[in-house]
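Work through the exercises below with the sequence and the model open. Try each task before reading its solution.

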Amino acid sequence: AGISPFLDPGPRTRPNSLALAHVSRDSIQPVYLQDASGTVDGYAEGAVINTRFGSFPHSTLLDKPWGSQIRASIVDTGSRGRKRKLDSSADGEASNNGAGSPTSEVTTTKDLRTAPSGFIHILPPTPEIWTTSLPHRTQVVYTPDYSYILHRIRARPGMKIIEAGAGSGSFTHASARAVYNGSPKHAHDAKGKVFSFEFNQDRYQKMRKEIEDHRLEGIVDITHRDVYKDGFLVHGESPEAECVFLDLPAPWKALPHLSRRKPTPSELSTGELDTLNTTESGWKSPLRADRTAHICTFSPCIEQVTKTIDVMRRLGWMEIEMVEVAHRRIIVSRERVGLNLPPGERGMNQTAANVEEAVGKLKEIEGRFKKFHGQTHDADANMDEDDDDETANHNKHSNGNGNGKSKGTSLKNGTDDSLSVKPWMAGRLAHRTDPELKTHTSYLVFAVLPQEWTEAQEMAAFEMWPCGK
Ligand code: SAM
C-alpha cells in the first residue's frame with residue numbers, strides 16, 4: 001500500500017518496493033527489494049542482484065538514500081556452518097523477487113566470493129529511467145518524444161488522458177506522473193487519471209500486473225479493448241478526458257469514437273461509420289464537453305499521417321500540425337594517448353576491461369614520468385582510491401566526461417608541457433553524435449477539438465457583451 005515510488009519515492013530505499021539498479025551506462029536493472037523475511041529460509045542475503053561487477057544482496061541495498069553507491073559483497077555464509085539452500089526450481093537461477101526484476105537471484109556463497117568487486121548505484125524509479133530499463137513487449141515511446149507530447153497535449157496535474165495502446169507502458173508511466181496532482185497522500189484518491197486501452201490479452205495482463213506492482217492503480221485505469229471497434233467509454237461512462245494520445249497502427253479508425261456527437265454520413269463514409277454502433281441520441285463522447293481536447297497521434301509512416309489527418313479534418317479537429325522530434329546527443333571526449341585500443345573501442349565504447357587495462361598502462365607511464373623528473377610527492381593522495389572506482393564499472397567517467405580527474409591540473413593549448421599534467425589529460429578534444437541514442441522516430445500529429453458550443457451558450461455569450469443588448 002501507499003503511494004507509487006514513481007510519484008513519491010521517499011528519501012531512502014524501502015523493502016517490497018521497486019528500485020532501479022544502475023550497473024553501468026548501458027545497464028539499468030529493475031529490482032523489487034526484499035527484506036530478510038522475504039528471502040529463502042530467512043537468510044539475510046537470500047535475494048541477490050548478480051552482475052558482472054559483483055553480487056549485491058538486497059540486504060545491502062535497503063534503507064539507503066537514493067543514489068547511494070553500493071559496493072559488491074563478499075559474503076561468508078559458510079562460517080555459519082550451514083549450507084545455503086538454492087532455489088530448487090531453477091538451480092539457483094530463478095528470480096526470487098517477483099515480476100520485472102530479472103536479475104535478482106538466489107545465489108551460492110561460492111558465486112559471491114568469486115565475483116569481481118565493483119559497485120552499483122541504487123536509483124529511485126522515474127518514468128525516464130523506467131523507459132530505458134523496462135521489459136520491452138512492443139516498440140515504446142522514448143523520453144524525447146513523450147516529454148514533448150505531454151507538453152503539447154497539455155497534460156497537467158489533475159487532467160484526464162486517454163491512451164491507446166498501452167503496449168509496454170512507457171508512455172503510461174510518464175503520463176501518470178504528468179497528471180498526478182501531488183495530493184492527497186494516496187494515489188487512489190488522486191484526481192488526475194490515465195485511461196489506457198490495450199487489445200492484446202497478454203500485454204494487457206502484464207500491464208495490469210505492472211500497474212499494481214508500481215502502485216499506480218488509482219491513477220492508471222487499464223481496459224482490455226479493441227478501440228477501433230468499441231471506443232473509449234469505461235464501464236459505459238465517459239472518462240471526460242481533455243487529452244488523447246494514440247500510438248496505434250491505424251489511429252484514423254479510433255478517431256470517430258472521439259467525436260463530441262455521432263459523426264454523420266457527410267463526415268464519414270458508410271464503412272467508417274459501421275463501427276459506431278450507438279444511436280445519435282445514445283451517443284456519449286469520451287471527451288470533456290466544456291474543454292478543448294488536445295490530441296497527439298504517433299505514427300512511423302507518412303501514409304498513416306495522411307489518413308489520420310484526412311479523418312481529423314472531416315471530424316472537425318483543428319490546428320492540425322505534424323512534428324518530428326529529431327533528438328541528438330553530442331558526446332565530447334578527449335582522444336586518449338598511449339592506448340592500444342582498436343579504433344572502434346575508443347572513447348565512449350570502451351569496455352570495463354579496456355578501461356582497466358588502459359588505466360593500468362597510464363599509471364605505469366605516470367610512474368615512469370615522475371621517476372624521470374625526480375618527483376617524490378603525489379599531488380593526488382586519494383587517487384588510488386578513485387582509480388579503483390574507475391577500474392570497476394564506471395568507464396563513462398574515465399572516458400566520457402574528461403572532467404572527473406582534473407584536480408588542479410591544466411592542459412595548455414592541448415599540449416602536455418606542464419609537469420603537473422596527467423598523461424590522460426593530454427589528447428585532442430573530440431565530439432561526435434551518440435549512435436546508440438534510442439528514440440522511436442515517428443511523426444507526431446497534433447490537433448485540437450474545440451469545446452462543445454451549444455446555442456444556449458451562444459446566447460449567453462452574446463448577452464454578456466454590451467453590443468448584444
Ligand atoms: N505507447 C506504448 C509504449 O510507450 O510502451 C507502445 C504502444 S505499441 C507501439 C502499440 C500497441 O497498440 C500494441 O501493444 C498493440 O497491441 C496495441 N493496439 C493495436 N491496435 C489496437 C486496438 N485496435 N485497440 C487497442 N490496442 C491496440
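**Exercise 1. Find the residues that surround the ligand and classify them.**

Step 1. Collect every residue with a heavy atom within 4 Å of the ligand. The shell holds 22 residues, and the closest are Glu198, Arg203, Asp226, Val227 and Asp247.

Step 2. Sort the shell by type, counting Asp, Glu, Lys and Arg as charged, Ala, Val, Leu, Ile, Met, Phe, Trp, Tyr, Cys and Pro as nonpolar, and the others, Gly among them, as polar. The result is nine nonpolar, eight polar and five charged residues.

Step 3. Map the shell onto helices, which are DSSP runs of H or I with at least four residues (strands: E, at least two), numbered from the N terminus. Both α4 (170-179) and α6 (227-230) supply at least two shell residues.

The model is predicted: local features need pLDDT of at least 70, side-chain atom pairs count only at pLDDT 80 or more, and totals for chains, interfaces and linings use all residues. Numbering starts from 1 along each chain as its sequence is written, and side-chain values use heavy atoms, without hydrogens and water.

**Exercise 2. List polar contacts of the ligand, then its cover.**

Step 1. Look for pairs of N or O atoms within 3.5 Å. The side chain of Asp226 places an N or O atom 2.8 Å from a ligand nitrogen. A backbone N or O atom of Val141 is 3.1 Å from a ligand oxygen. For Phe199, a polar backbone atom lies 3.3 Å from a ligand nitrogen.

Step 2. Compute accessible area by the Shrake-Rupley method with a 1.4 Å probe. Alone, the ligand has 610 Å², of which the protein covers 93%.

**Exercise 3. Locate two backbone features.**

Step 1. Recall the background: most peptide bonds are trans, and most residues other than glycine have a negative phi.

Step 2. Check omega. The bond joining Ala164 and Gly165 is cis, with omega about -15°. Gly165 belongs to the loop between β8 (160-164) and α4.

Step 3. Check phi. Arg215 has a positive phi, near 55°. Arg215 is in the loop between α5 (201-213) and β10 (220-224).

Key:
Polar contact = N/O pair within 3.5 Å; in protein donor to acceptor, adjacent residues only side chain to side chain.
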